[in-house]
Amino acid sequence: MVNVTTLPRNETGIRTVIDLLKQQFGERLQTGQAVREQHGHTTTWIENQAPDAVVFPTSTQEVSELVKVCATHDVPVIPYGTGTSLEGHVNAPAGGISIDLSQMNQVIEVNPGDLDCRVQPGVTREDLNSHLRDQGLFFPIDPGANASLGGMASTRASGTNAVRYGTMKDNVLSLEAVMADGRIIRTGTRARKSSAGYDLTRLLVGSEGTLGVITEITLRLQGIPEAMSAARCSFPSVEEACQAVTSVIQYGLPVARIELLDTTMVKAINGYSKLSLPETPLLLLEFHGTENGVTEQAEIFGTLAGEVGGHGFEATTSTEERNRMWKARHDAYWAMLQYRPGAKGVATDACVPISRLAECVTAAQQKADDLGLIAPIVGHAGDGNFHVTPLVDMDNPQEVENAEIFASWLSELAISVGGTCTGEHGIGQGKQDYLEKELGEATVIMSAIKAALDPANIMNPGKIFPARP
């Protein structure tokens with residue numbers, strides 16, 4: 001279990017800030033234990049560190065005023081979206097104020113001719129796509145959970161469509177943000193490219209709330225494809241499935257999604273989603289394009305898969321069947337929990353060069369077996385990103401210790417082959433030990449940027465790097 005650090009608290013400042021904000025926000029400031037614990041970390045095995053109060057602003061100006069009060073009294077500020085992050089991002093190790101942005105949930109404008117839109121940070125990806133559907137547009141980043149777009153930008157989220165459409169860093173054109181002193185800045189324009197100054201947009205995307213609070217996002221959109229085709233194919237082992245992924249990427253097949261499920265994951269999904277998939281390693285794919293194009297792409301994949309032992313290949317353009325398949329994939333977490341009732345799912349993620357994917361996934365399976373762990377694997381295999389989720393009995397100290405050993409080993413493995421300890425979950429509290437191992441002296445520069453923009457260290461302290469004394 002990740003041992004989180006409790007940081008020194010500014011008790012006088014916290015009491016003062018709560019009194020001042022209560023006068024401004026009234027019932028939109030909550031201090032009840034239940035709501036505070038809800039805004040601490042609850043998604044995985046990291047200890048919950050609740051804030052002292054939760055505030056629900058409705059505008060950028062209110063966020064700015066709130067942050068100014070906290071800055072004046074040196075009180076931590078912790079941005080909160082929907083709470084689906086996995087590495088302790090929303091914990092409050094020094095106490096402070098959680099800023100719940102869920103009421104800032106307006107789609108401000110959509111520009112169909114330019115394929116972009118402006119949204120507030122509390123808009124979720126599903127809400128945005130519902131809003132866009134009748135205009136023939138969609139936002140492609142799909143991390144699985146119905147996360148808020150502010151949170152997705154803050155953690156540099158990606159997900160199942162990343163192999164074709166990229167990650168949040170590729171799809172955010174500009175941001176509005178409140179900085180640590182309460183100033184409101186805009187990092188760019190709606191132009192598709194710019195050579196004007198430092199790229200503050202990409203600095204804030206992935207900063208996990210440690211530099212500022214995102215209050216508005218300008219996003220790149222895509223046209224809904226004329227046709228979509230889904231396919232699945234089973235393999236004798238994870239190694240052959242990964243070889244098929246490598247073949248697809250090297251061939252240049254424009255796949256939109258390519259997801260890997262190992263045997264344990266397939267069994268869990270069959271049980272939870274009432275499917276009858278062959279219980280061997282599986283690839284799920286999706287192709288976007290014209291009617292003829294998606295059919296041809298699926299056929300080419302079938303041929304490539306067959307060359308490395310793939311069998312049971314099926315493809316469909318049926319919307320109902322495609323949605324059923326991806327609903328089962330998105331329910332993978334709940335399927336895992338049902339597979340071992342009472343266990344805690346300890347989500348890990350790593351991303352490695354495609355050429356090392358088969359080797360690393362196979363090694364992860366063997367390591368989990370050696371440690372006696374039930375650890376389903378699912379991955380966005382098209383970009384080398386995979387997740388291993390040990391299902392742990394938290395009352396069994398040996399299992400907990402073995403899960404800790406496994407998570408550490410996986411991060412070290414990914415770094416050793418030229419990959420990263422986190423492809424999309426972020427650093428937060430859970431992966432701080434590996435950031436310097438991965439990036440070395442670059443972390444010193446990151447810390448310097450943090451200190452320059454947030455000298456009092458009030459913006460989500462204790463995340464990404466160990467807190468400054």
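Which residue does the side chain of E259 meet in a salt bridge? The partner is R329, with N and O 2.7 Å apart. This is a predicted model, and the pair is a good place to enter it. E259 sits in strand β13, residues 255-261. R329 belongs to helix α12, residues 319-330. The two are 70 residues apart, so the bridge links distant parts of the chain. Both E259 and R329 are buried, which means that each has under 20% relative accessible area.

That contact is one of 25 salt bridges in the structure. Consider next E359 and R356. Their closest N and O atoms are 2.6 Å apart. Are these two residues buried, exposed or something in between? E359 has a relative accessible area of 40%, so this residue counts as partly exposed. R356 is partly exposed too, because its relative accessibility is 30%.

A further salt bridge brings together the side chains of E412 and K437, at 2.7 Å from N to O. E412 lies in helix α15, residues 397-416, and K437 lies in helix α16, residues 432-439. The positions are 25 residues apart in sequence, so the pair ties together two separate parts. E412 is partly exposed, with a relative accessible area of 33%. Some salt bridges also share partners. Through such sharing, R125, E126, D142, R257, E286 and R322 join into one network.

Now turn to a sheet. Five strands make it up, and it is open. Their order is β5-β6-β10-β8-β9, with antiparallel pairing. In general, strands of a sheet pair through backbone hydrogen bonds, in either a parallel or an antiparallel way.

Why do β5 and β9 each have one side without a neighbour in the sheet? Strand β5 (107-111) and strand β9 (184-186) stand at the edges, and each has a single partner strand, so one side of each is left without a neighbour. From one strand to the next, the twist averages 15°.

Look inside the sheet at β6 and β10. Strand β6 covers residues 116-119, and strand β10 covers residues 212-220. They run antiparallel and are joined by four bridges. One residue pair to find here is V119 with its bridge partner in β10, I217.

A helix completes this view. Helix α3, residues 60-72, packs on the sheet. The helix touches β8 (172-179), β9 and β10. The direction of α3 makes about 40° with that of β8.

Notes: Residues numbered from 1 in each chain as written. Predicted model: local features only at pLDDT ≥ 70, side-chain atom pairs only at ≥ 80, totals over all residues. Heavy atoms only, no water. Salt bridge = Lys/Arg side-chain N within 4 Å of Asp/Glu carboxyl O. Buried < 20%, exposed > 50% of the residue type's maximum accessible area, 1.4 Å probe, protein only. Pairing = 2+ DSSP bridges. Axes fitted to C-alpha atoms, helices over the stretch in contact; angles between N-to-C directions. Contact = heavy atoms within 4.5 Å.
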